[in-house]
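Work through the exercises below with the model in view, trying each task before reading its solution.

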Amino acid sequence: KANGTAVVICPGGGYSYLVINQEGSDVAKAFAKNGVTAFVLKYRLPSEKIMQNKTIGPLQDAQQAIKIIRERAAEWKIDAAKIGIIGFSAGGHLASTASTHYNEKLIANNQNISLRPDFSILVYPVISFKDSLSHKGSRRALLGKDTSDQSSINKYSNEVQITNRTPATFLLHSSDDKVVPVGNSIAYYQALIKAGVEAEMHIYSKGGHGYGLHNRSSDDNWFDRCLSWMRKNKWL
């Protein structure tokens, strides 16, 4: 059913593990049923044991995924101008980082292939590392125990990294999310609107955190709303 659109899926897990099924392969199957070629990104988790700079490890992998898909777009029958990224929770932080730091080339890219996603979908995402909004576990895992470095906190608080070139974005969150405050999505949405970027946001009153495709507190299907948004923007 391939229609030329592709998506890189970033599962959550607080940068400490990956929710590879509920926020990975299950999501990939849902996209595939609707003609979207889906890639689940098993990104490296930040670790000083295997990385000189653990803050860039996950982003390197997201950039590499986008690069590979663009390089092999013709082979895989993908439109190189319709490659998006979706992330859940900390995976949403990675997806929003890929969407705002694409000019910071952290991988070998001699052909200068664009590392910018064409659209992003952020589901109960970690966005900000500022104290008032931060999911402290994700911040600690990526930046280390000493999170007093204000420059690193600002760099990875992606609501302050948005420009008019940030990809169009679909956001989903729940008001009663006790793990990642809904203010993360609201801050990103407000910054997108201020920058003149196409954005759509859905906030459920209930649902908590980590429900993947199915918010069981509502009979509304957020994935259908996401597909509608994609149709409106001609990615479906």
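**Exercise 1.** Which helices each supply at least two residues of the lining of the largest cavity?

*Solution.* This is a predicted model, in which local features need pLDDT of at least 70 and side-chain atom pairs count only at pLDDT 80 or more, while totals for chains, interfaces and linings use all residues. Residues are numbered from 1 along each chain as its sequence is written, and side-chain values use heavy atoms, with hydrogens and water left out.

Begin with the space itself: the structure holds one cavity of 30 Å³ or more, and about 40 Å³ lies in the largest cavity. Next, list the lining, which consists of Y15, T55, P58, L59, L94, T97, L142 and Y156. Finally, assign these residues to helices (DSSP runs of H or I, at least four residues); α2 (57-71) and α3 (90-100) are the ones that each supply at least two.

**Exercise 2.** Determine how far α3 is enclosed, and by what.

*Solution.* Count the buried residues (under 20% relative accessible area, with a 1.4 Å probe and protein chains only): 11 of the 11 residues of α3 are buried, so the helix is largely enclosed by the rest of the structure. Then look for partners in contact (heavy atoms within 4.5 Å); the buried residues of α3 pack against elements including β1 (6-10), α2 and α6 (183-195).

**Exercise 3.** Is T166 buried or exposed?

*Solution.* First place T166 in the loop between α5 (150-155) and β5 (168-174). Its relative accessibility is 3%, so T166 counts as buried. Leaving aside neighbours within four places in sequence, T166 is in contact with several residues, among them S99 and T100, which also belong to the buried residues of α3.

Technical notes:
Buried < 20%, exposed > 50% of the residue type's maximum accessible area, 1.4 Å probe, protein only. 1 Å grid on protein atoms, 1.4 Å probe; cavity = no way out; pocket = protein on both sides within 12 Å on 5 of 7 lines; lining within 4 Å. Points joined across faces, edges and corners; volume = space filled by probe spheres on them.
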